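Reader: I would like to go through the helix packing and the cavity count, and hear the reasoning behind each label. Please start once the structure is up.

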Amino acid sequence: MPAKALNRRFFLLQAIMMLIDCITVAYISPILVSFGYSKLQIGQVMTLGALAATLARPLWGFLNDRFSCAKQVTLGGTAVGFDCYFLLTWGGGQMGLTTIAVMGLYITVVCMMNFVDSWALRLINGGASLNYGATRAGGSLSYALGAAIFGMVVSRWGFRPGNVALWVLWILMCVVALSLPNPPPASHLDQKPVTLLQGFRTLRSNRVYWVMLAALFLCTLASGSMESFYSVLILSAGGTEQHVGFALFLQATSELPVMFGYSRLRSRLHLSAAPLMAVSMLCYALKALTLASAGSLNIILVAALFQALSFALFTPACVDFMLETVPGEYLAMGHLLFLAIGQGIGAVAGNALSGILSEYLGMAWMFRTVGFLALLASVLACCSAKMLKRRNFS
């Protein structure tokens, strides 16, 4: 497929996937607030969801490496996720049904977001001329528009209209995804059979990978807490669901310049991906500390702009880090295992920690605590960058 056509279609795929994420996952916390759940209960439900995603991610990655079935998994996984969203919005707020629905959304929609990234990784490693940063900007753009529009819809009609919108998006996703190529079979990259056990053995001795993974785990204690409690903080400061939508709009639009300009930025700085990941973790820390000391709703909303140099920088840098450090035949598994442990288990611990701290000490102290942990993460990421530099010159 010509490079321009591939990039256009992947841009559309990312845009649709992020709209789906905006409608389903981004509004989980406000939905739980509308059910009357306490901060501790919200933390518990989000913890179980993160745990479910942790267990599922490496299996999704193995499927992609072993069978090269990216578009089939993406379409099937998101369809199941829509059923979970229906259960969440029509389940009446019952704790058991709500927990199952949230766990299902994490296993499907949340994991599919990462799965699409691993799809891109495999295509790039197979020789495709895919500009990941630019295509991922499509997701940021659609998320910004979707957050603003859906925030107004929720304020007026509630969360249930999202069910109709999701199936319209799925039809569009089918058209786009089925026109994209699956990754080349891993056997073209290496004659050894791709197995789950061998994948773990291959990654086990990669010290650069594991140090960065430890940094990601610490950083996720902050980013996961902010993802779960940012909208709760807005609502507790007197904001509405429309303010939540506006904050998400600000976050997503701030990502666009960095996503579009990532390749040019990296080429001008002549840096590997690891130092950029360290900078992104530092910005997560600054965002958490800003939220901890925010004295008004306006400051809370403006803090969304830290997204430009936190998430928007980390996401394409993480893809490059995998290409620099993981063997080609296990790229998808290495990427999703990295996110499963670093973001998945990190989110499990972070949601549990943030739920307890915010319930008993208040959200300000919770954000201060996780902000300090993100600072430590940035230091560890710098150590990983130095190790990678030494390895490349040895």
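Reader: Which residues in helix 9 and helix 13 meet?

Author: This is a predicted model. On the helix 9 side they are Val-208, Tyr-209, Met-212 and Leu-216, and on the helix 13 side Phe-314, Phe-321, Met-322 and Thr-325. By class, seven are nonpolar, one is polar and none is charged.

Reader: Why is helix 9 called roughly antiparallel to helix 13?

Author: Their axes cross at roughly 160 degrees and come within 11 Å. Angles over 145 degrees count as roughly antiparallel, so helix 9 is roughly antiparallel to helix 13. Helix 9 also passes helix 13 in a left-handed crossing.

Reader: What makes helix 1 roughly antiparallel to helix 5?

Author: Helix 1, residues 3–24, packs against helix 5, residues 95–125, at an angle of about 165 degrees, with the axes 10 Å apart. The cut-off is again 145 degrees, and therefore helix 1 counts as roughly antiparallel to helix 5. The crossing is left-handed.

Reader: Which residues make that contact?

Author: Helix 1 contributes residues including Phe-10, Leu-13, Met-17 and Asp-21, and helix 5 residues including Leu-105, Val-109, Asp-117 and Trp-119. The contact of helix 1 with helix 5 has 13 nonpolar, two polar and two charged residues.

Reader: How do you know that helix 1 and helix 7 are roughly antiparallel to each other?

Author: The axes of helix 1 and helix 7, residues 162–177, cross at roughly 160 degrees and come within 10 Å. With the limit at 145 degrees, the two are therefore roughly antiparallel. Their crossing is left-handed. Among the residues that meet are Arg-9, Leu-12 and Ile-16 in helix 1, and Gly-162, Ala-165 and Leu-169 in helix 7. The classes there are 14 nonpolar, two polar and one charged.

Reader: What makes a space in the protein a cavity rather than a pocket?

Author: A 1.4 Å probe fits in a cavity but cannot get out, whereas a pocket is open. By this rule there is one cavity of 30 Å³ or more. The largest cavity has a volume of about 1,100 Å³. Of its 46 lining residues, Asp-21, Glu-227, Tyr-284, Gln-307 and Phe-311 are the closest to the centre.

Reader: Which helix gives the largest share of that lining, and how does the lining divide by class?

Author: Helix 9, residues 207–236, gives the largest share, with ten residues. The lining of the largest cavity has 24 nonpolar, 15 polar and seven charged residues.

Key. Residues are numbered from 1 along each chain as its sequence is written. This is a predicted model: local features need pLDDT of at least 70, side-chain atom pairs count only at pLDDT 80 or more; totals for chains, interfaces and linings use all residues. Side-chain values use heavy atoms; hydrogens and water are left out. On a 1 Å grid over the protein atoms alone, a cavity is a set of points where a 1.4 Å probe fits but cannot get out, and a pocket is an open set with protein on both sides within 12 Å along at least five of seven lines; lining residues have an atom within 4 Å of a point. Grid points are joined across faces, edges and corners, and a volume is the space filled by probe spheres set on the points. Helices (H or I, at least four residues) and strands (E, at least two) are DSSP runs, numbered from the N terminus. Ala, Val, Leu, Ile, Met, Phe, Trp, Tyr, Cys and Pro count as nonpolar, Asp, Glu, Lys and Arg as charged, and the others, Gly among them, as polar. Axes are lines fitted to C-alpha atoms, for helices over the stretch in contact, and angles run from 0 to 180 degrees between N-to-C directions. Angles under 35 degrees count as roughly parallel, over 145 as roughly antiparallel, 65 to 115 as roughly perpendicular and the rest as oblique. A crossing is left-handed if the near helix is turned anticlockwise from the far one by less than a right angle, and right-handed if clockwise. Contact means heavy atoms within 4.5 Å.
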